[in-house]
Amino acid sequence: ARGAVESMRAHASENPYDGLRVSRVEMARYWKNVNYAHVPCWLDCDPGHDDAFAMYAAGWGGWRDDDGRIVAMSALVGVSTVAGNQTIEKTTYNAARVLKWLNLDAIVPLIEGASKPLLREAKVCEEIHGESGLDTRDAIDALPGVSDRDFQNMKQKHAVVAVEIFETWKRLYDMDEQRLVIVATGPLTNIATFCLTYGQVISQITHGQSHTKGPKIVFMGGAMERGNTGSRAEFNIQCDPEAAKIVLESSFEVIMVPLEVTHTALVTEDVLRRLQNAAAVGAYNKRGGQITELLDFFKMTYQRVFGFKHPPLHDPCAVWCALTEHVETLQRDAFTGDVERVDVECQSQLTYGQTVLDCWGTSTKPKNVKVMKRMNVEWFWKFMCGAIRNHSEQCEPYDNCEKLVKMGL
């Protein structure tokens, strides 16, 4: 597939990305011929160190059984960006860098989304992710840059996130394919706009069954108790609580992966070695070093700001959750959670952005969100190592070609 892409790129027009991305209809036809579950995933993100690893998981993640057979694979059908960890210009540029790093830049469409929350001023998380959003400890870029020309060409011109998500869902729905899963790892501004614009339309198309036939929304965010940017608020929800309220009260199936779950995905020294080893396929491979540089900065800032000895890799947990929801054997053991009534505090100056769980069942409102409460952490790291290994094994030939070019051979 990449050979075909490179051949087309060699004969491309002024924009080398025109016509290269795989048609999502063609992708769906391919999925019908494979003997494992595939999970069409749209990733809405604000890269961000942990968002970069969520893109890794969504683009290359899968699960094998004890005999090594593929049981399920994530299929990344689109990436959209939102202002959050950094400004929209920086998160979109970072997403382009990560797609190029993952050899997905000519395959996965990139859509620039909301530059600010629905009603509030934008805020960034520079204290954790640095000035660029993907800083490293020694101020040297861990990931390859993208030229301004390529960056402008990679972005889908005049594309609107809500429209692109709807059209992707509709193609899959018309072909009686797997449901689209929207994985959101940043503020929910883009997803709220999608819900407002297309919630009623999808309900009409599905004859009132948008909860089971519309796109499923899995988001990393919220907290059951303590927050991380407020006494009770988690950063993604606090950035745009009004957007979160819209998403949680939509007609779609919504799954929340809160801080209490993601704080168990700690990048210990042993975990980092496993990730490095997963990347170490082939003689010429620098991914292990790049992974280490990104996570080393993340560790440094989490120690300084929160006092964590090891940093939690939040965002890939939502991708892992999305995959497990489609595989019956994983559903039972990968996560445990309950459907709860969850409201979002939008008024209080002290606790705005808090996700309020009706833990005692006193609310008269319907239960609206499946809240994940525990995760099989060992399985999660096995999934992440598998994604890194898949990428390294598939792309080693291109790394070797790159080395030969640099050597002038």
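This is a short exchange about how some labels on this predicted model are earned.

Mentor: Ground rules come before labels. The model is predicted, so local features need pLDDT of at least 70 and side-chain atom pairs count only at pLDDT 80 or more, while totals for chains, interfaces and linings use all residues. Residues are numbered from 1 along each chain as its sequence is written, and side-chain values use heavy atoms, leaving out hydrogens and water.

Trainee: Why does Thr355 count as buried or exposed?

Mentor: Buried means under 20% relative accessible area, exposed over 50%, and partly exposed in between, with a 1.4 Å probe and protein chains only. Thr355 has 2% relative accessibility, so it counts as buried.

Trainee: What makes the link from the side chain of Thr355 to Ala223 a polar contact?

Mentor: The distance to the backbone oxygen of Ala223 is 2.8 Å. A polar contact needs a pair of N or O atoms within 3.5 Å; within protein, one must be able to donate a hydrogen and the other to accept it, and residues adjacent in sequence count only if both atoms are side-chain atoms.

Trainee: Which residues is Thr355 in contact with, leaving aside neighbours within four places in sequence?

Mentor: Contact means heavy atoms within 4.5 Å. The partners of Thr355 are Gly222, Ala223, Ile237, Met256, Val342 and Asp343.

Trainee: How do you know that Cys41 and Cys45 are not bonded?

Mentor: A disulfide is a pair of cysteine sulfur atoms within 2.5 Å. Cys45 holds the closest cysteine sulfur to that of Cys41, but at 9.8 Å it is too far for a bond. The structure holds zero disulfides.

Trainee: Why are Cys41 and Cys359 labelled buried or exposed?

Mentor: Cys41 has a relative accessible area of 2%, so it is buried. Cys359 has 54%, so it is exposed.

Trainee: What makes both faces of strand E7 covered?

Mentor: Strands (E, at least two residues) are DSSP runs, numbered from the N terminus. E7 spans residues 254–257. Val254 and Met256 lie on one side, Ile255 and Val257 on the other, and all are buried.

Trainee: How do you know that E6 and E7 pair?

Mentor: Two strands pair if DSSP finds at least two bridges between them. Strand E6 (residues 216–220) and E7 have four bridges, in the parallel sense. Val254 in E7 is the bridge partner of Ile217.

Trainee: What about E7 and E11?

Mentor: Two bridges join E7 to strand E11 (residues 369–375), and the strands run parallel. Lys370 in E11 is the bridge partner of Ile255.
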